[in-house]
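Here is a short report on surface, pocket and charge pairing in one protein model. Please keep the coordinates open while reading.

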Amino acid sequence: MESAVAGTSTLNVADAISIGVRHVGQQWIPWAAAMGAVLFLSLVPFITLIPMFGVVAAEDFFDVRIQEGTILGSAFAWIFFLLLCASAAAALVLWLNSVRNAYRQCQGEVITIGSFFALRGLLTPFFTLLSVVVIVGVGLVMFVIPGLIAMVLLMYVPFAAVEPGSTIAEAFVRGWQAFVDNPGKSIGLWLLVAVVYCAANFMYFALFIIFPVIQVIMMVAYLMCVRRPIALGVIPAGT
């Protein structure tokens, strides 16, 4: 496997960005299709609000209480809630698999649209991410600053969790060590990613471009920090 970081233990942010952009450019269709599907699912719950607003408008216009409309409105409220939960779950699965697919691309593998919605093998990444979220959340409650510090110190942990055979404890150890070995450049990368994400939030559809690139860049950066080989493209089968 061709390595982009052979002979060095130092994170190279410029190379991480270059390799990340290259990988996404080579396999952008699965990323775009999966994100488009999740975006559509996130809009579906709000379609159920239309009948509810219709019932409310009819009651206000005629100044009457529509019993059937009240029952219908309650049903649609539950449907809205369930669909909202389903879309949130789909977004979570997409995020977890986006990290795993970033790893696969860095190993020279071909990703598919279906691989963004696979459930097998997500328990360790999920509970690792949940642990990080809890730690950061508690830190944010404690005057914000501790949470931001934890967010930076644990920036590589979710990416370490998708390595084959990884456990939650191993993900924390490897993620922590990756940061400790490259603290300055890792902080710089985190700040760059934060700024880019903030800018992308003002242009919603920019996330279609920014999200996959950032995920792969972060994975490349992690692999550089732990001195893992990184494929610069798809490796043909049998080689």
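The text below covers salt bridges, then a pocket, then a nonpolar patch and the cysteines.

**Salt bridges**

The model is predicted. A search of the whole structure finds 2 salt bridges. They link Glu163, Arg174 and Arg228 in a network. The pairs are listed here.

| Salt bridge | Closest N and O atoms |
|---|---|
| Glutamate 163 with arginine 174 | 3.2 Å |
| Arginine 228 with glutamate 163 | 3.0 Å |

What does each pair tie together? Arginine 228 sits in the segment after α10, and glutamate 163 in the loop between α7 and α8, so this pair joins parts 65 residues apart in sequence. Arginine 174 belongs to helix α8, so its pairing with glutamate 163 in the loop between α7 and α8 ties parts 11 residues apart in sequence.

Is glutamate 163 buried or exposed? Glutamate 163 has 7% relative accessibility and counts as buried. Its partner arginine 228 is partly exposed, with a relative accessible area of 29%. The general principle is simple: side chains of opposite charge can pair when their charged atoms come close.

**Alanine 160**

Helix α7 (157-160) holds alanine 160. At 0% relative accessibility, alanine 160 is buried. Its C-alpha lies 8.0 Å from that of glutamate 170, and the two are 10 residues apart in sequence.

**The largest pocket**

The largest pocket holds about 520 Å³ of space. Its lining has 18 residues. Nearest its centre lie Trp95, Met151, Met155, Trp190 and Tyr197. Which helices supply at least two residues each of the lining? They are α5, α7, α9 (183-200) and α10 (207-225).

**The nonpolar patch**

Helix α5 also contributes to the surface. A nonpolar patch there covers about 920 Å². Leu123, Phe127, Leu130, Val134, Val138, Val141, Met142, Phe143 and Ile168 make up this patch. Helix α5 (residues 123-141) gives the largest share, 6 residues. Methionine 142 lies in the loop between α5 and α6 (145-153). Methionine 142 is partly exposed, at 45% relative accessible area. Patch residues need over 30% relative accessible area, so the 45% of methionine 142 meets that cut-off.

**Cysteines**

How many disulfides does the structure hold? The count is 0. A disulfide is a covalent bond between the sulfur atoms of two cysteines. Cysteine 85 is partly exposed, with a relative accessible area of 37%. Cysteine 198 is partly exposed too, at 48%.

Conventions
Residues numbered from 1 in each chain as written. Predicted model: local features only at pLDDT ≥ 70, side-chain atom pairs only at ≥ 80, totals over all residues. Heavy atoms only, no water. Patch = residues over 30% accessible without salt bridge, like charges linked within 9 Å, V, L, I, M, F, W, Y side chains within 5 Å. Areas by Shrake-Rupley, 256 points an atom, 1.4 Å probe, with all protein chains shown as cover. Salt bridge = Lys/Arg side-chain N within 4 Å of Asp/Glu carboxyl O. Helix = DSSP H or I, 4+ residues; strand = E, 2+ residues; numbered from the N terminus. Buried < 20%, exposed > 50% of the residue type's maximum accessible area, 1.4 Å probe, protein only. Disulfide = S-S within 2.5 Å. 1 Å grid on protein atoms, 1.4 Å probe; cavity = no way out; pocket = protein on both sides within 12 Å on 5 of 7 lines; lining within 4 Å. Points joined across faces, edges and corners; volume = space filled by probe spheres on them.
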